[in-house]
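This report covers a helix residue with its surroundings, then the pairing of one strand.

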Amino acid sequence: MNSRPILLTHASQLLTLRGEHSPRRGTQMRELGIINDGALLMNEGKIVAVESTDEVAHHELAAQAEEIDCRGKVVLPGFVDSHTHPAFTNPRLIDFEKRISGASYEEIAEAGGGIRSSIRGVREASIEQLADHVLNALREIAAYGTTTVEAKSGYGLNFESEMKSLQAIRRAAEQWPGTVISTLLGAHVVPPEYRSDPEAYVAIVSEQMIPFVAEQKLASYVDVFCERGAFTPEQSARILRTAVEHGLKTRAHVCQLTSVDLGPLLEFHPASFDHMDYVSDADVALLAESNTIATLLPAANYFLGLDRFPPARKLIDGGAAVALATDYNPGTSPTSSMPFVLSAACTHMKMLPAEAITAATINGAWALELQQRKGSLEPGKDADVAVFAAEDYRELAYWFGVNRCEHVFLGGIEIRR
Ligand SMILES: [Zn+2]
């Protein structure tokens, strides 16, 4: 903890994102609550004041604070990356190169790539090796202005290696000043040894993994990949129902490759539905009536070279609350950069820069049910703050492939790049 209060002054634009008590929808997503010549005072890990630079001078703590001049910079809430898969050991370079040459999934698998290579890596790794990888990922993610990360297991795919993955996430989180929310994704895909009997694997997830995770408090959420080739809607419902019965919260990967009926899964009050490339019009209307967030992951579409991206306009204009996340993972989205995701959201999904920033901050916080503490700059909230070298917030989504993040405060602790 910093011993002195920290005072950011003279920000060209300070984006507060303040004011709503529900996830932001429709035109609310364009309201950033901007203070020009903004100032932010933080102390003991919390935000104390968010005002103009003139006003903040009257605050009693301001006089003793360490001041950082933010002229020519944009100050905003640290990004909330609400969807990552950091518990893996190796990059998937065979997949990458083979896919460029037009190889099929089968050919990639035969060449030793695909998810099997990630499973092998995680099963063979020690907790320490896995925790080191997760910690490196968290540090890299934070360098781009992210202060809260959701982290999933999902490359172990047996009881021992899924629990090892969650323990590694916990160990890494203890060494990182930001906030980590853990998710059990035992139901990522059916592992090779259960291909002929997927129900037996669903039973392991439901009867062994979920009860243990709940008892040991190894994760807050249970996630499931509900998709052709992964888990059916019925299997997904069984897994999410079991999670709720054990007091765990839910989220789900849906509609990435094909459309699935979201109504039955909404019964488990998932915090978010993620991907949503093939969401139906009827389900957009359902989401507009619920607090379940639609979390879009355009970096995966970019990396896979797809022409089609998630239908952000249809979702936002239809009243669904939209969040953005990296989907950091070795197979389809090896990026730790939320600013890159903002760029992809604007250029490929026609989100406005303000909508993208809202989706990456306050709506991301809603997607992790952390809206009371995260996602906006308001007195009493956690001092999770990012400072970018930009005069105008639109630059955050405009410059791509470069990192303009100059300061990141995680619970008031600055990490140096
Ligand atoms: Zn994912």
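Ile100 belongs to helix α2, which spans residues 93-100. The model is predicted. The relative accessible area of Ile100 is 62%, and Ile100 counts as exposed because this value is over the 50% cut-off. Ile100 also takes part in a nonpolar surface patch, whose other members are Leu93 and Phe96. Together, Leu93, Phe96 and Ile100 have about 330 Å² of accessible area.

Strand β1 is considered next. This strand covers residues 6-15. Of its 10 residues, 9 are buried, so β1 is mostly covered; buried here means under 20% relative accessible area.

β1 pairs with strand β2 in the antiparallel sense, whereas its pairing with strand β4 is parallel. Strand β5 also runs parallel to β1. The table lists these pairings, each with one bridge partner.

| Partner of β1 | Sense | Bridges | Residue in β1 and its bridge partner |
|---|---|---|---|
| β2 (residues 34-43) | antiparallel | 7 bridges | Ala11 and Gly38 |
| β4 (residues 66-69) | parallel | 4 bridges | Leu7 and Glu67 |
| β5 (residues 74-77) | parallel | 2 bridges | Leu14 and Val75 |

Taking the pairings by residue of β1, Leu7 is bridged to Glu67 in β4. Ala11 has Gly38 of β2 as its bridge partner, and Leu14 is matched with Val75 of β5.

As a general point, side chains in a regular strand alternate between the two faces of the sheet.

Note on methods:
Residues numbered from 1 in each chain as written. Predicted model: local features only at pLDDT ≥ 70, side-chain atom pairs only at ≥ 80, totals over all residues. Heavy atoms only, no water. Patch = residues over 30% accessible without salt bridge, like charges linked within 9 Å, V, L, I, M, F, W, Y side chains within 5 Å. Areas by Shrake-Rupley, 256 points an atom, 1.4 Å probe, with all protein chains shown as cover. Salt bridge = Lys/Arg side-chain N within 4 Å of Asp/Glu carboxyl O. Buried < 20%, exposed > 50% of the residue type's maximum accessible area, 1.4 Å probe, protein only. Pairing = 2+ DSSP bridges.
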